[in-house]
Amino acid sequence: MNTLLSTAHETLEHDIDPDFLASVGKNLAWEYPSLFERINKDPAIPEELKAEIYSKQRAYCAVKSLLFACKIHGVPYEFRTLSCNGQKKLLVKIGRIVVIQEPMLEVLEPPRTSNYKRQLVSATGFVQQIEMDFGDSYRRIIDWSGSLVAVLLHAPAGPKFTLEDRSLGAFMLGVPNESYTGWLMRLDLHRVAVFGFDAMTDGVVEPRATEAPVVQKDNVVVKVRRREIKRNGDVA
């Protein structure tokens, strides 16, 4: 295990909050089918556009779920505005971990690279000092320096526009490499959304089996334990 991967492993093992992630996963598991039902039952939306609208709004499901968990567990967060298009991006601070969200089409999909995501990771995979040109002018209340960037990855269960296929099928936490072109490691959180951490033996989260060909093997298994350090900052 290289130094960066080892550091990422240790940071996730020490700082990850199982209760927070369980809240996110359970809420997201409800948001996915709820979004499907709203779109599917809306007579104003043409059948040809329903699947496309669903895909575009999945990211908002994750944002809502993250905000819900932040408020429940007192986890600090901030919204940043991208100067290029005015979009609002949510950054969540869990100990030394900065979490963003990213919708996936397939479980083995590589990271979706963008300028702001590349700016978010430094040459070592950690945020040295976030001074990005997001165009936001309000006072930044959280110190983001020296943090590990992790991505909440989520995807539907199948390709069809049905309730079963549009339910939550993948729920993972990925650590991108320094160029945001691949994953250093991924922690499969799918069972957390369904069973919660209490249903897992010794709190170990193992990769879920898949029939798809393995593109990048994730050899790291993270033992999730309750944090013993005090979180910094108040809820924004």
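User: What makes Glu 37 and Lys 41 a salt bridge?

Analyst: This is a predicted model, and in it the closest N and O atoms of Glu 37 and Lys 41 are 3.7 Å apart. The cut-off is within 4 Å, so the pair counts as a salt bridge.

User: Why is Lys 41 called exposed?

Analyst: Lys 41 has 64% relative accessibility. Exposed means over 50%, so Lys 41 fits. Its partner Glu 37 is at 26%; that falls between the 20% and 50% limits, so Glu 37 is partly exposed.

User: How do you know that Glu 31 is buried?

Analyst: Its relative accessibility is 4%. Buried means under 20%, so Glu 31 counts as buried.

User: Which residue does Glu 31 form a salt bridge with, and what parts does that pair tie together?

Analyst: Glu 31 pairs with Lys 64, with 3.4 Å between the closest N and O atoms. Glu 31 sits in helix α2 (residues 18-40) and Lys 64 in helix α3 (residues 47-73), so the salt bridge links parts 33 residues apart in sequence. Lys 64 has a relative accessible area of 29%, so it's partly exposed.

User: What makes Lys 56 and Glu 52 a salt bridge, and how many residues apart are they?

Analyst: Their side chains meet at 3.1 Å, N to O, and that is within 4 Å, so the name fits. Both are in helix α3, 4 residues apart, which means about one helical turn separates them. Lys 56 is exposed at 63%, whereas Glu 52 is partly exposed at 40%.

User: How many salt bridges does the structure hold?

Analyst: It holds 8, including the one between Glu 37 and Lys 41.

Conventions
Residues are numbered from 1 along each chain as its sequence is written. This is a predicted model: local features need pLDDT of at least 70, side-chain atom pairs count only at pLDDT 80 or more; totals for chains, interfaces and linings use all residues. Side-chain values use heavy atoms; hydrogens and water are left out. Helices (H or I, at least four residues) and strands (E, at least two) are DSSP runs, numbered from the N terminus. Buried means under 20% relative accessible area, exposed over 50%, partly exposed in between (1.4 Å probe, protein chains only).
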